[in-house]
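Hello,

Here is the structure I said I would pass on to you. Have a look at it first, and then read on for what turned up.

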Amino acid sequence: MKPSTLAATTVAVATAAGAGSIANPMRVPAWYSRLRKPPYQPPGAAFPLVWTTLYADIAATSAVALDRFRATGRDDEARRYAAALGVNLALNAGWSWLFFRYHQLGAAALGAAALTASSADLARRAARADRRAGAALSPYPVWCAFATALATHVWRLNR
């Protein structure tokens, strides 16, 4: 992968992660502590570990996919992938704002579902560029599907 492509995808992913983290409080607020949560919710320490790993995966895999599309003369597919990545990262950052900042649990559940669909589409697109890239990105939609189930359950428990 080209260092310039990796730098660009890393900046894009870091920007989305940063935008989402602005919505998250540095410590658990009383509002979140009072929410009823399902018994299968992972411990709080799991979330930064999982998301850091996924963000690194998204940046690296996206760089591979973009470079592969370009190297094989599929510049239109590279542009569509980049656009899909931008939408995905906006959905990713937006979820934190819906849930943590605005406390819109139903909207956050819908946002998580949209992020899951977008993540699955991104993995599909990456696989069109390189089968291994698609496989490498597959944990992202799986985690987002789990997050959708979790967000939906939190919403239902707290209506």
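Before anything else, a word on naming: the helices are DSSP runs of H or I with at least four residues, numbered from the N terminus. Please also keep in mind that this is a predicted model.

**Threonine 116 in helix 5**

With that naming in hand, threonine 116 belongs to helix 5. Is threonine 116 buried or exposed? Its relative accessibility is 16%, and buried means under 20%, so threonine 116 counts as buried. The side chain of threonine 116 makes a polar contact of 2.8 Å with the side chain of threonine 148. Setting aside the neighbours within four places in sequence, threonine 116 touches Pro141, Cys144, Ala145 and Thr148. Thr148 therefore turns up twice for this residue, in the contact list and as the polar partner.

**Helix 3 and helix 4**

Next comes a pair of helices. Helix 3 covers residues 46-71, and helix 4 covers residues 75-101. How do helix 3 and helix 4 lie relative to each other? They pack at an angle of about 165 degrees, with their axes 8 Å apart. Angles over 145 degrees count as roughly antiparallel, and helix 3 and helix 4 are therefore roughly antiparallel. Their crossing is left-handed.

On the helix 3 side, the residues that meet helix 4 are Trp51, Tyr55, Ile58, Ser62, Ala65, Leu66, Phe69 and Arg70. On the helix 4 side, the partners are Asp75, Glu77, Ala78, Tyr81, Ala82, Leu85 and Asn92. By class, this contact is made of ten nonpolar, two polar and three charged residues.

**Three buried residues of helix 3**

Serine 62 sits in helix 3, and a relative accessibility of 0% makes serine 62 buried. What does its side chain have close by? A polar atom of the serine 62 side chain is 2.8 Å from the backbone oxygen of isoleucine 58. Apart from neighbours within four places in sequence, serine 62 is in contact with Thr9, Asp57, Tyr81 and Leu85. Tyr81 and Leu85 are also among the helix 4 residues that meet helix 3.

Alanine 65 is in helix 3 as well. Alanine 65 has a relative accessible area of 0% and is buried. Which residues does alanine 65 touch, once neighbours within four places in sequence are left aside? They are Tyr81, Ala126 and Ala129. Tyr81 is listed in helix 4, while Ala126 and Ala129 are listed in helix 5. Alanine 65 can also be set against alanine 30: the two are 35 residues apart along the chain, and their C-alpha atoms are separated by 42 Å.

Leucine 54 also has its place in helix 3, and its relative accessibility of 7% counts as buried. Beyond the neighbours within four places in sequence, leucine 54 is in contact with Pro139, Tyr140 and Trp143. From leucine 54 to alanine 120 there are 66 residues in sequence, and 14 Å in space from C-alpha to C-alpha.

**Helix 5 with its two partners**

Helix 5 runs over residues 105-129. Helix 4 packs with helix 5 at an angle of about 155 degrees, their axes being 9 Å apart. Helix 4 and helix 5 are therefore roughly antiparallel to each other. Their crossing is left-handed, and the residues of this contact divide into 15 nonpolar, five polar and five charged.

How does helix 3 lie relative to helix 5? The angle between them is about 45 degrees, with the axes 8 Å apart. Helix 3 and helix 5 are therefore oblique to each other, and helix 3 passes helix 5 in a left-handed crossing. Thr61, Ala65, Arg68 and Phe69 of helix 3 meet Arg125, Ala126, Arg128 and Ala129 of helix 5. Sorted by class, this contact has four nonpolar, one polar and three charged residues.

**The loop residue histidine 103**

Last, a residue outside the helices: histidine 103 lies in the loop between helix 4 and helix 5. Its phi is near 55 degrees, a positive value in a residue other than glycine. With a relative accessible area of 35%, histidine 103 is partly exposed.

I hope this helps you find your way around.

Best wishes

Technical notes: Residues numbered from 1 in each chain as written. Predicted model: local features only at pLDDT ≥ 70, side-chain atom pairs only at ≥ 80, totals over all residues. Heavy atoms only, no water. Helix = DSSP H or I, 4+ residues; strand = E, 2+ residues; numbered from the N terminus. Buried < 20%, exposed > 50% of the residue type's maximum accessible area, 1.4 Å probe, protein only. Polar contact = N/O pair within 3.5 Å; in protein donor to acceptor, adjacent residues only side chain to side chain. Contact = heavy atoms within 4.5 Å. Axes fitted to C-alpha atoms, helices over the stretch in contact; angles between N-to-C directions. Parallel < 35°, antiparallel > 145°, perpendicular 65-115°, else oblique. Left-handed = near helix turned anticlockwise from the far one by under 90°. Nonpolar A, V, L, I, M, F, W, Y, C, P; charged D, E, K, R; others polar.
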